[in-house]
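Work through the exercises below with the structure open. Try each task before you read its solution.

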Amino acid sequence: MDDEFKIIEEPDENDNMKSKKHKKKRKKLSKKAKIILVVILLIIIGALVFVLLMQDKNGAKTKEPEKKKKEITKEEKQVQIVDLSSNSRPYAVMINNNKAVWGYQAGLQDAYITYEMIVEGGITRMMALFRDKDTARIASVRSSRHYYLDYVMENDAIYAHIGWSPQAQSDIRSYDIDVINADNSSAFTWDSSLRRIAKEHRAYTSIAKLKEVAAKKGYRTTTEEDLLLKYQAEPLDLASIDGAIPANTVRIPYSSSHLTSYGYDAENKVYKRYQNNMEHKDYVTGLQYTAKNIITYKVHNYRLNDGYSGGRQGLNNVGSGEGYYISEGYAIPITWEKHARSSKTIYKVKATGEELVVNDGNTFIQIEPDSQTLTIE
């Protein structure tokens, strides 16, 4: 029997060589692919980082306008008489204006508003408003009259006084006014060095003492109310307003025995204040008081039938009427209206009907008896 032969093909040497080369090529390709992939990833990561950085940069830029919105305007920064960004509650202090204390009054130049009105005996009494001040001596402090409460309320103020008329005492309780007086605080000092005048005229206080007492009594010391007046930092052009007249001298008689007057200081653009033609000076500084703004108008006053022989007064100060705003050498006609005792007095320019804006500075509001004659020259 013939042997059976199997044909076995031996691998070709060239084929083996080709296979090895192919494997090496595949390895080289996989390394290149990996490198390319890494490069691509790095590019992507770099692009993402760049985008994030640009977003942060743009985000920072978009926040800048928000900061600007929170800043007060240039005009507000320039106003000096009051801090327009403050919400401090004012202090209203009753100021004695008996002739016995002329020369001993103090602190009025720090007040941003001072009211002057008639009281019994043909004399006047003032009420000075302080806000964000540290006045060390305010003098001399005297008793309350009921119609002054109307101006305490229109300014949402804490009211400092020593004593009161029966009408004022009753109204303070009725209107629930926050008061600091000699009966319920230690805010006042009687100056023993002023023995030449009666003790009743010697009392003084300070903003520090008023703040201390207000804190002890738990009074609210901030306010949400707007200021009574609107202020402008840039000088007003009053001369261009219809009805404007020059105002170099202003004479405001309250009675046959009391005259308040002002003379214009053109160099400093303020009005120097006089009482019965005498310079009205501060006891501490020795300087004559001045006013940047004067608001003056008339109301009817009358004697109360309350059995008091001294002749306490009443004022028809709720209603409306006309008057003048005076500043920087000119006076313009204005209107005023007060709808209720507790409401704000609204002042408007008569020629335009627009709300009055006043120059940056202190204001004396002179509420004169309608029986007297105002003179502006």
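Helices (H or I, at least four residues) and strands (E, at least two) are DSSP runs, numbered from the N terminus. This is a predicted model: local features need pLDDT of at least 70, side-chain atom pairs count only at pLDDT 80 or more, and totals for chains, interfaces and linings use all residues. Residues are numbered from 1 along each chain as its sequence is written, and side-chain values use heavy atoms, with hydrogens and water left out.

**Exercise 1. Find the buried face of H4.**

Task: State which residues of helix H4 are buried, and where they lie around the axis.

Solution.
- Step 1. Fix the terms: buried means under 20% relative accessible area, exposed over 50%, and partly exposed in between (1.4 Å probe, protein chains only).
- Step 2. Take H4, residues 166–174. Its buried residues are Gln167, Ala168, Asp171 and Ile172.
- Step 3. Look down the axis of H4. The buried residues fall within an arc of 130 degrees, so they line one face of the helix. The arc is that of the directions from the helix axis to the C-beta atoms.
- Step 4. Turn to the face away from the buried side. Exposed Arg173 and Ser174 sit there.
- Step 5. Look for the cover. Helix H3 (149–153), strand E5 (158–160) and strand E6 (179–180) are among what covers the buried residues of H4. Contact here means heavy atoms within 4.5 Å.
- Step 6. Step past the helix end. Just after H4, Asp176 has a positive phi of about 55 degrees.

**Exercise 2. Trace a salt bridge.**

Task: Find the salt-bridge partner of Asp178, and say which parts of the chain the pair ties together.

Solution.
- Step 1. Apply the rule: a side-chain nitrogen of Lys or Arg within 4 Å of a carboxyl oxygen of Asp or Glu. The count comes to 18 salt bridges.
- Step 2. The partner of Asp178 is Arg89, with the closest N and O atoms 2.8 Å apart.
- Step 3. Asp178 lies in the loop between H4 and E6, and Arg89 in the loop between helix H2 (74–78) and strand E1 (91–95), so the pair ties together parts 89 residues apart in sequence.
- Step 4. Check burial. Asp178 counts as buried at 18% relative accessibility. Arg89 is buried too, at 7%.
- Step 5. Widen the view. Salt bridges link Arg89, Asp156, Asp178 and Arg220 in a network.

**Exercise 3. Is Glu154 buried or exposed?**

Solution.
- Step 1. Glu154 has a relative accessible area of 1%, so it is buried.
- Step 2. Its side chain meets that of Lys338 in a salt bridge (3.2 Å, N to O).
- Step 3. Lys338 is in strand E20 (residues 330–338) and Glu154 in the loop between H3 and E5, 184 residues apart.
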